[in-house]
Amino acid sequence: MIEVKNLSKRYGQNVALDNISFSVEEGTVVGFLGPNGAGKSTTMNIITGYLSAGSGSVTVGGYSTLDNPNEVKKLIGYMPEMPPLYPDMTVKEYLNFMYDLKKVTLPREKHIREICTLTKISEVYGRLINNLSKGYKQRVGFAQALLGNPPVLILDEPTVGLDPKQIIEIRSLIQNLGKKHTIILSSHILPEIQAICERIIIINKGRLVADGTPENLSQSLSADHKLIVRMEGNENDIRNALKSVKFVETVQSCGEKEPGVFEYEVEARGGRDLRREIFRAAAAKNYPILSMSNTGLSLEDVFLRLTSASYIKDNTVIENSTEGEEEE
């Protein structure tokens, strides 16, 4: 659906993007991460056609942003970090104005009403945008991105300014939209990205440094693939039961965590996933498993490691490897 090839962009002597390439398949929700100044907004603005690339190409739905910019814009709903709202308009006036500007052909009243319901702005439909809270302004910006039901949504910090309840609602909305839309989502709230996105792209200093699922990135960066298992029963009996599981390398008891409940660190040979085998072994012995987790890196750990100076100095890239200068 989206194909970015060898994209570069300079602002004077500063390199904003340095030869990055990636593709996004139809119906995929992709998290787009990077520290401030990494080139995220520049990339998204080039994909949407708001900026021109210095070199390289971007195609959306088979259309080039350079050769067919109007066709590309028809396919994309874009919500920038600061939505382009008109404060002296009411929400109704603004959405109708954007409806006309985008030349939407869907039934006007029904379509706008459905979008207002989706984004939960029906109750402020007749109010001036200038008088709305930050959260409602974000929702109005989200609503304009949905006008025309575009197949591609590019959302830059869509939950900025929302309270926890609103964040959960918008997160749920994005997940539902991801069933029918291709979505690129940029956010500094990493748990939000992890909860919504099935794939993560990370750029730093204009260069692509990672592309993959959160689980794959964690495994690629961590040599430690141990399971932490908390089970109820006799400590030694459980340890022996875990040791008997095929491909278990070592079992280390971490002590009693609750009355009669012990925690164990289980290491597998060859980085194998032993969760199912451990479950079966525990069920056969009637040992309740109260929790099981791996010791892999969190998305926050992955992000910090990939964007650290030492990582960039090593010139190591996870998947989709690109080479280039490191200056910003």
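This report describes a helix, several salt bridges, a surface patch and some backbone angles in a predicted model.

## Helix α9 and its buried face

Helix α9 runs through residues 235-243, and its buried residues are I238, R239, A241 and L242. When the helix is viewed down its axis, these buried residues fall within an arc of 160°, so they line one face of α9. This pattern can be understood from the geometry of helices in general: an α-helix has 3.6 residues a turn, so residues three or four places apart point the same way. The elements that cover the buried residues of α9 include three strands, β11 (226-232), β12 (248-258) and β13 (261-268), together with the helix α10 (275-285).

At the N-terminal end of α9, N234 acts as a cap, with a side-chain oxygen lying 3.1 Å from the backbone nitrogen of N236. Within the helix, the side chains of R239 and E235 meet in a salt bridge, with an N to O distance of 3.8 Å. Because R239 and E235 are four residues apart in α9, they are separated by about one helical turn. The two partners differ in their surroundings, since R239 has a relative accessible area of 18% and is buried, whereas E235, with a relative accessible area of 24%, is partly exposed.

## Other salt bridges

The structure holds 11 salt bridges. One of them joins the side chains of E258 and R230, with 3.8 Å from N to O. This pair links distant parts of the chain, for E258 belongs to strand β12 and R230 to strand β11, and the two are 28 residues apart. E258 is partly exposed, with a relative accessible area of 37%, and R230 is also partly exposed, with a value of 22%.

Another salt bridge is formed by D273 and R275, whose closest N and O atoms are 2.7 Å apart. Here D273 is partly exposed at a relative accessible area of 40%, and R275 counts as partly exposed at 43%. Elsewhere, R139, K165 and E169 are linked in a network of salt bridges.

## Surface features

Which residues make the nonpolar surface patch of about 280 Å²? The patch is made by Y86, F97 and L101. Of these, F97 is found in helix α3, which spans residues 91-101, and F97 counts as partly exposed because its relative accessibility is 31%.

In helix α10 lies R280, which counts as exposed because its relative accessibility is 51%, and exposed residues are those over 50%. The C-alpha atoms of R280 and N149 are separated by 47 Å, and these residues are 131 places apart along the chain.

## Two positive phi angles

Most residues other than glycine have a negative phi, and against that background two asparagines deserve a careful look. N19 has a phi near 60°, a positive value in a residue that is not glycine. N286 likewise has a positive phi, of about 60°, although N286 is not a glycine either.

Where in the chain is N19 placed? N19 is in strand β2, which covers residues 14-24, and with a relative accessibility of 24% N19 counts as partly exposed. N286, by contrast, lies in the loop between α10 and β14 (289-294), and N286 is exposed, with a relative accessible area of 67%.

Notes. Residues numbered from 1 in each chain as written. Predicted model: local features only at pLDDT ≥ 70, side-chain atom pairs only at ≥ 80, totals over all residues. Heavy atoms only, no water. Patch = residues over 30% accessible without salt bridge, like charges linked within 9 Å, V, L, I, M, F, W, Y side chains within 5 Å. Areas by Shrake-Rupley, 256 points an atom, 1.4 Å probe, with all protein chains shown as cover. Salt bridge = Lys/Arg side-chain N within 4 Å of Asp/Glu carboxyl O. Buried < 20%, exposed > 50% of the residue type's maximum accessible area, 1.4 Å probe, protein only. Arc of directions from axis to C-beta. Contact = heavy atoms within 4.5 Å. Polar contact = N/O pair within 3.5 Å; in protein donor to acceptor, adjacent residues only side chain to side chain.
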